[in-house]
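Open the model in your viewer and keep the sequence panel beside it. The stops below say what to select and what is found there.

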Amino acid sequence: MTTALFRDDAYLRTCEAEVVGVNERGGIVLDRTVYYAMGGGQPGDNGHLELEDGSRIEIATTVYDDDRTSIVHVPAEGQSLPPAGTKLIAHIDWERRYRLMRMHTALHLLSVALPYPVTGGQIGDPEGRLDFDMGAETIDKDALTEKLNALASNDHEVTTEWITDEELDANPGLVKTMSVKPPRGSGRVRLVRIGGDIDLQPCGGTHVSRTSEIGRLELGKIEKKGKQNRRVRIRLAD
């Protein structure tokens, strides 16, 4: 099992760690990590591992192993693999991660501005998107952009809390995303709250601590995806 430090502090950029082993596909498993593993529509982190002699192993992406408890750091092509027991320092590409954090939080705000069931989504840099089951409803682009930026600029606090699986089962309305199930398996589920009552939903991803960190948002392309679904794209203006 890998201790996922990013769950408690998304702003950690480095950590000391030890190699537990290398899996059958050549991925490096550490005892602890600041790397977010791909899931919930958010890409895995990249960066590098710094060895004691100063050499580096470039990491292309990060995923979960089949057991969903170990986090696998996938090296870029041509990298050497360290043996178990190797001590190192893990570094993430912070600039990319921070932009993904801003976008992920912005997409939570988009689900507030458009209060329809979410059928899919993808966090990207500099653009992300959500798909909504909204039937024949139309979207006023100017009004939506204004509402999104008002939510972001109001500097709402973003916090996390935990509930049990049973508490989530008793409150199914907390789950907005129809296509992505809340991360389960440990007996408890992580919730992300924006403001006192702006938004509350299960999420295992990384977020900024205040909505004002998102910056200005722009509305991208809006597409019809079937009779019911609308795909709405947003961008970080910078």
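**Stop 1: an open sheet.** This is a predicted model. Begin by selecting strands 11, 12 and 13, which make up an open sheet of 3 strands in the order 11-12-13 with antiparallel pairing. Strand 11 (158-164) and strand 13 (199-202) are the edges; each has a single partner strand, so one side of each has no neighbour in the sheet. From one strand to the next, the twist averages 25°.

Now narrow the selection to strand 11 and strand 12 (residues 188-194). Their antiparallel pairing runs over 7 bridges. For a landmark within this pair, pick Trp162, which has Arg190 of strand 12 opposite.

**Stop 2: the helix across the sheet.** Add helix 1 to the view. Helix 1 lies across strand 11, strand 12 and strand 13, and its angle to strand 13 is about 115°.

**Stop 3: the nonpolar cores.** Which residues touch the most other members of the largest nonpolar core? Select Leu49 and Leu110: in this core of 47 residues, they are the two that do so. Helix 1 (residues 94-113) supplies the largest share of the core, 10 residues.

Centre on Leu110 and show its contacts. Leaving out residues up to four places away in sequence, Leu110 touches Leu130, Phe132, Leu144, Leu148, Val232 and Ile234. A second core, separate from the largest, has 6 residues, among them Ala4, Phe6, Tyr64 and Ile71.

**Stop 4: strand 10 and its partners.** Select residues 127-133, which are strand 10. Is this strand mostly covered or mostly uncovered? It is mostly covered, with 5 of its 7 residues buried.

Next, add strand 9 (residues 118-122), which is antiparallel to strand 10 and joined to it by 4 bridges. Strand 9 and strand 10 form a hairpin, and 4 residues lie between them. To find one of the pairings, select Gln122 and its bridge partner in strand 10, Arg129.

Then add strand 15 (residues 229-236). Strand 10 and strand 15 run antiparallel and are joined by 7 bridges. Here the pair to label is Asp131 and Arg231, the latter being the bridge partner in strand 15.

**Stop 5: Glu16.** Move to strand 2 (residues 14-22) and select Glu16, which is placed there. Is Glu16 buried or exposed? Its relative accessibility is 59%, so Glu16 counts as exposed, the cut-off for that class being over 50%.

Show the contacts of Glu16 beyond its neighbours within four places in sequence: the residues are Arg32, Leu88 and Ile89. Draw a distance from Glu16 to Leu88, C-alpha to C-alpha; the two are 5.9 Å apart in space and 72 residues apart in sequence.

**Stop 6: the second largest pocket.** Finish by selecting Asp8, Ala10, Val158, Thr160 and His207. Of the 14 residues that line the second largest pocket, these lie nearest its centre. The space in this pocket is about 210 Å³.

Which elements give two or more residues to the lining of the second largest pocket? They are strand 11 and strand 12, and the largest share, 3 residues, comes from strand 11. The tour therefore ends back at an edge strand of the open sheet from the opening stop.

Methods. Residues numbered from 1 in each chain as written. Predicted model: local features only at pLDDT ≥ 70, side-chain atom pairs only at ≥ 80, totals over all residues. Heavy atoms only, no water. Core = buried A, V, L, I, M, F, W, Y, C linked by side-chain atoms within 4.5 Å. Buried < 20%, exposed > 50% of the residue type's maximum accessible area, 1.4 Å probe, protein only. Contact = heavy atoms within 4.5 Å. Pairing = 2+ DSSP bridges. Axes fitted to C-alpha atoms, helices over the stretch in contact; angles between N-to-C directions. 1 Å grid on protein atoms, 1.4 Å probe; cavity = no way out; pocket = protein on both sides within 12 Å on 5 of 7 lines; lining within 4 Å. Points joined across faces, edges and corners; volume = space filled by probe spheres on them.
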